[in-house]
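Let's take a short walk through this model, one stretch at a time. Keep the 3D view open as you read.

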Amino acid sequence: MSKLTHKDVLRADQFSKSEIALIVEIAREYEQALAAGRVLEVMKGQVLSTLFYEPSTRTRLSFEAAMLRLGGSVISVAEAKSSSAAKGESLYDTMKTVEGYADVIVLRHPQIGAAAEAAAATYRPVLNAGDGAGQHPTQSLLDYYTIEKERGTVEGLIVTLAGDLKHGRTVHSLAELLSSYDVRFVFASPAALRMPVDIVARLKARGVSITETESLADAIRTSDVLYMTRIQRERFEDPAEYDRLKDAYVLTRSMLAGAKDGLTVMHPLPRVNEIAIDVDDYAGAAYFRQAANGLAIRMALLALVTGRA
Ligand code: ASP
């Protein structure tokens, strides 16, 4: 039993450094076991329910693959309109129902706070796979794991979060998670898409160094890690505003000429236009490795919250 047994995973700032180290250690073990061709049965007899009320490719598939790789089973609702949510069922009632079928629940929902509401409704562990423009804690754990694998450590790095910092839940979670470490941040965004003031205030109160800029080029010159994000079209009330901002930052290979040696380029994906294809064979382009890292991290999380790790 670890401190994570029977715990929900709702926000990135819920984790202590020792919990993050434990998750990474277990993820690494599972990754090595899979690479060695071992068949794992850690979750044998357990059922995961994935409820995705917003689109997803990586998060849903990697959670489901994680459960299957651990010998467990998966039942899935892949879109709200195919579930009773479309008939007006409350999240509370859905959770009270799903807890009768599954041992652990992964939820993606368009409303901020939905995962916490779901967790309060059920005694089963709930993992937040994205609550609107709120948080995406499992993504930030795999982002942390990726930086550690690519760079050896996160300590001492200058990390630029770039793009839609207002609506991007991945950057909200990652900023909170990395703020426990010796990391300096650059927040690069158009003025209309700045990191929410409450998050900036919280980080500053913890003594974290933050530089805000609108210039991606300036940010590239000083960064060790450049974390690009998509402009979150679905969060805009005014389509004209989205059109105005959608191509604010497009990273091309030539822009990397002024970068520090060994710059790591990340992106939670999906990319729309933010990273040109010619960046893909840049040695530091880590975004597909980053996506792959989601499998082991989610295996570790499922095993830990169910007390099986
Ligand atoms: N896949 C990530 C998320 O669900 C990033 C994105 O959609 O832009 O938040």
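How many of the five residues of strand E6 (residues 184–188) are buried? Four of them are, so by the cut-off of under 20% relative accessible area the strand is mostly covered. Please keep in mind that this is a predicted model.

Now look at what lies beside E6. Strand E5 (residues 158–162) pairs with E6 in the parallel sense, over five bridges. If you would like a landmark for this pairing, find Thr 160, which stands opposite Val 186 in E6. To follow the chain from one strand to the other, trace helix H6 (residues 169–178): together with E5 and E6, H6 makes a right-handed β-α-β unit.

E6 also pairs with strand E7 (residues 210–213), again in the parallel sense, here over four bridges. In this pairing, Ala 188 has Thr 213 of E7 as its bridge partner. A right-handed β-α-β unit is found here too, made by E6, helix H7 (residues 197–205) and E7.

Our last stop is Ser 223, in the loop between helix H8 (216–222) and strand E8 (225–228). Is this loop residue buried or exposed? Ser 223 counts as buried because its relative accessibility is 0%. Its side chain reaches the backbone oxygen of Ala 219 at 2.6 Å. Leaving aside residues up to four places away in sequence, Ser 223 touches Ile 158, Thr 160, Lys 260 and Leu 263. Thr 160 brings us back to where we began, as the residue opposite Val 186 in E6.

Definitions and conventions: Residues are numbered from 1 along each chain as its sequence is written. This is a predicted model: local features need pLDDT of at least 70, side-chain atom pairs count only at pLDDT 80 or more; totals for chains, interfaces and linings use all residues. Side-chain values use heavy atoms; hydrogens and water are left out. Buried means under 20% relative accessible area, exposed over 50%, partly exposed in between (1.4 Å probe, protein chains only). Helices (H or I, at least four residues) and strands (E, at least two) are DSSP runs, numbered from the N terminus. Two strands pair if DSSP finds at least two bridges between them. A crossover is right-handed if, with the strands pointing away from the viewer, the path from the first strand over the helix to the second runs clockwise. A polar contact is a pair of N or O atoms within 3.5 Å; within protein, one must be able to donate a hydrogen and the other to accept it, and residues adjacent in sequence count only if both atoms are side-chain atoms. Contact means heavy atoms within 4.5 Å.
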